Amino acid sequence: MKFRKTRWLIAFLTVAVIVAVGIGWRVSSGKKTVPETVGTDKTVKTSADDDYFDTARYTRKQTRDEAIGVLKSIVNNENADDQSRLEAADKINGYAVRSEQEKAIENQIIAKGFEDCIVFVGEDNACVVVKTDGLTSAQAAQILDIIASATHLNSNVIKIIEMK
């Protein structure tokens, strides 16, 4: 019985993360106050630099932190069965790997001359939102190559969204 409940909880958390990322994509580029944690101090960014990308990064981090917190409680729960604990630990590891991939991809894309971007890597797909005035086919191929190299995903499951 506990095993079944734990599996449902893991499935629910996975869906919750996907929904939260989707909501993050739809956040407008209007100026908003976005809390951002830096080290152990909490600061609030209110400058003109606040935009879609800052908001989306914040939402992505908060959503993952919440999901990882719940998964850690499963891992640390002595009453949970071993299979559920292992699945939760694997999910935590998957979040860590995808977070590292996203940051590395973002850094590489920005290093190629794009002003800003945010990458969302799922288990079997990826999406990048790139700030650009127009994306050439060569630039799109370059972005696809960066993401495919980092994630080992086929280009047909990688989506590029342009944002001006």
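**View 1. Lys91 and Glu123 form a salt bridge in this predicted model.** The nitrogen of one side chain and the oxygen of the other are 3.7 Å apart. The pair links distant parts of the chain. Lys91 sits in helix H3, while Glu123 belongs to the loop between E3 and E4. In sequence, 32 residues separate them. Lys91 is partly exposed, at 24% relative accessibility. Glu123 is exposed, at 58%.

**View 2. Asp116 meets Arg57 in a salt bridge.** The N to O distance is 2.7 Å. Asp116 is in strand E3, and Arg57 is in helix H2, residues 52-76. The two are 59 residues apart, so this pair also links distant parts of the chain. Asp116 has a relative accessible area of 14%, under the 20% limit, so Asp116 counts as buried. Both residues belong to a network of salt bridges that share partners. Its other members are Arg60, Arg64, Glu102 and Glu106.

**View 3. Lys61 and Asp65 pair within one helix.** Their side chains meet in a salt bridge, 2.7 Å from N to O. Both residues lie in helix H2, 4 residues apart. That is about one turn of the helix. An α-helix has 3.6 residues a turn, so residues three or four places apart point the same way. Lys61 is partly exposed, with a relative accessible area of 43%. Asp65 is partly exposed too, at 37%. Across the whole structure there are 9 salt bridges.

**View 4. Tyr52 and Phe53 make an aromatic pair.** A search of the whole structure finds 1 such pair. The ring centres are 5.3 Å apart. The planes meet at 80°, over the 60 degrees required, so the pair is edge-to-face. Both residues are buried.

**View 5. Arg60 lies over the face of Phe120.** The distance to the ring centre is 5.9 Å. Arg60 is also part of the salt-bridge network that includes Arg57 and Asp116.

**View 6. Helix H4 has a buried face.** H4 covers residues 137-151. At 1.5 Å a residue, its 15 residues should span 21 Å, and the end C-alpha atoms are 21 Å apart, which agrees. The buried residues are Ala140, Ile143, Ile146, Ile147 and Thr151. Seen down the axis, they fall within an arc of 125°, so they line one face of the helix. They pack against helix H3 and strands E3, E4 and E5. On the other side, Ser137 and Ala138 are exposed. His152 follows H4, with a positive phi near 65°.

How values were computed
Residues numbered from 1 in each chain as written. Predicted model: local features only at pLDDT ≥ 70, side-chain atom pairs only at ≥ 80, totals over all residues. Heavy atoms only, no water. Expected span 1.5 Å × (residues − 1). Buried < 20%, exposed > 50% of the residue type's maximum accessible area, 1.4 Å probe, protein only. Arc of directions from axis to C-beta. Contact = heavy atoms within 4.5 Å. Phe/Tyr/Trp six-rings, centres within 6.5 Å; stacked < 30°, edge-to-face > 60°. Lys NZ or Arg CZ within 6 Å of the ring centre and 35° of its normal. Salt bridge = Lys/Arg side-chain N within 4 Å of Asp/Glu carboxyl O.
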